[in-house]
Amino acid sequence: DGGRVLRSLLAEHMPFIEATRRAARIGRYFAIGMALFGIFFNFFFIVIALFVYIAATEEEQATAISESLQGVTVGKLMSASVEVVHPDTTIEQLHDLMLSTKHMGFPVMDKGLVGIVTLTDTHRIPKDRIAHAKVADIMTRNVVTVAPDLDAAKALHVMSEKRISRLVVVQGRDIVGIVTQKDFLRAVNVLAVQKQTARWGQQFEQPPLSPP
């Protein structure tokens, strides 16, 4: 909380992302100092310092990702070709579909969206029951959905808040895509390279020749 207050003060005089970087850097220095203090006086301070250091780093990374995704919508990141499964699909059929499509999660459809199932869900089935289990037995019924025009940074926040790895993208009552953590990571990497290339282009751009 103290780091966020500091960031707010710094943001009055500089861009938000730069204010975040400086506040996070100060937070990490503070954590290192607290850890050194803990070595000589109280071990408990080392534990607190570890949490402060991790929190400062994660806050900086989250802000950098949000800034890089600014202006990007879910529709630009999602996979539009979506495979779906039925609640009566067997786990063996589900595994075969995962192997053939290289996707680890699918919306479950039965006269509409009724759930979502992932590879992680299949781990909950005892080995002696897996031959008879179906998707309906393990799927998550409360599906988190987003619209394709939603800001990508907001969608990533929803994913983090709900602790899920994928979001179903719907428009009206139709599924139009699915977006995963890998899609966000790919976008952040591409946008970072794109911005770096643009800066290099500006740096080496030759000024126009003056007329004789």
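This passage walks through the fold, strands, aromatic residues and one pocket of a predicted model.

The overall architecture is a good place to start. The protein is built from 9 helices and 5 strands, and reading along the sequence gives the pattern α-α-α-α-α-β-β-α-α-β-α-β-β-α. Of the 212 residues in the protein, 30% count as buried. Contacts across the sequence were also examined: among those between residues at least 6 apart, 55% join residues at least 24 apart.

The strands β1 and β2 can be taken together. β1 and β2 (residues 113-118) pair in the antiparallel sense, with 5 bridges between them. Within this pairing, F106 has V117 of β2 as its bridge partner, and V108 is matched in β2 by G115. The two strands form a hairpin, with 3 residues between them. Of the residues of β1, 4 of the 5 are buried, so this strand is largely enclosed by the rest of the structure. The turn of the hairpin offers a contrast in setting. K111, found in the loop between β1 and β2, counts as exposed because its relative accessibility of 86% lies over the 50% cut-off. The backbone of K111 is also worth a look, since phi is near 60° there, a positive value in a residue other than glycine.

A second lysine with a positive phi sits on the other side of β1 in the sequence. K102 has its place in the loop between α5 (91-101) and β1, and its phi is near 65°, again in a residue other than glycine. With a relative accessible area of 69%, K102 is exposed.

The remaining strands make up a sheet. Here 3 strands form an open sheet in the order β3-β4-β5, and the pairing is mixed. β3 (145-146) and β5 stand at the edges with a single partner strand each, so one side of each is left without a neighbour in the sheet. The pairing of β3 with β4 (residues 166-171) is parallel and runs over 2 bridges. In this arrangement V146 stands opposite V169 in β4.

Attention turns next to the aromatic side chains. The count comes to 2 aromatic pairs. In one of them, the ring centres of F37 and F41 are 4.6 Å apart and the planes meet at 25°, so the pair is stacked. In the other, F37 and F45 have ring centres 5.1 Å apart with planes at 85°, so this pair is edge-to-face. F37 takes part in the stacked pair as well as in the edge-to-face pair, and the residues F37, F41 and F45 form one aromatic cluster. What of their accessibility? F41 counts as exposed because its relative accessibility is 63%, a value over the 50% cut-off. F37, at 39% relative accessibility, counts as partly exposed, and F45 is likewise partly exposed, with a relative accessible area of 30%.

Finally, there is the second largest pocket. About 350 Å³ of space lies in this pocket. It is lined by 18 residues, and those closest to its centre are H103, M104, R166, T180 and K182. Three elements, β1 (105-109), β5 (174-180) and α9 (181-204), each supply at least two residues of the lining. The largest share comes from α9, with 4 residues. By residue class, the lining divides into 5 nonpolar, 7 polar and 6 charged residues. The pocket thus links back to elements described above: β1, which supplies at least two residues of the lining, is the strand that pairs with β2, and β5, another contributor to the lining, is an edge strand of the open sheet.

Key
Residues are numbered from 1 along each chain as its sequence is written. This is a predicted model: local features need pLDDT of at least 70, side-chain atom pairs count only at pLDDT 80 or more; totals for chains, interfaces and linings use all residues. Side-chain values use heavy atoms; hydrogens and water are left out. On a 1 Å grid over the protein atoms alone, a cavity is a set of points where a 1.4 Å probe fits but cannot get out, and a pocket is an open set with protein on both sides within 12 Å along at least five of seven lines; lining residues have an atom within 4 Å of a point. Grid points are joined across faces, edges and corners, and a volume is the space filled by probe spheres set on the points. Ala, Val, Leu, Ile, Met, Phe, Trp, Tyr, Cys and Pro count as nonpolar, Asp, Glu, Lys and Arg as charged, and the others, Gly among them, as polar. Two strands pair if DSSP finds at least two bridges between them. Rings of Phe, Tyr and Trp (its six-membered ring) pair if their centres lie within 6.5 Å; planes under 30 degrees apart count as stacked, over 60 as edge-to-face and the rest as tilted. Buried means under 20% relative accessible area, exposed over 50%, partly exposed in between (1.4 Å probe, protein chains only). Contact means heavy atoms within 4.5 Å.
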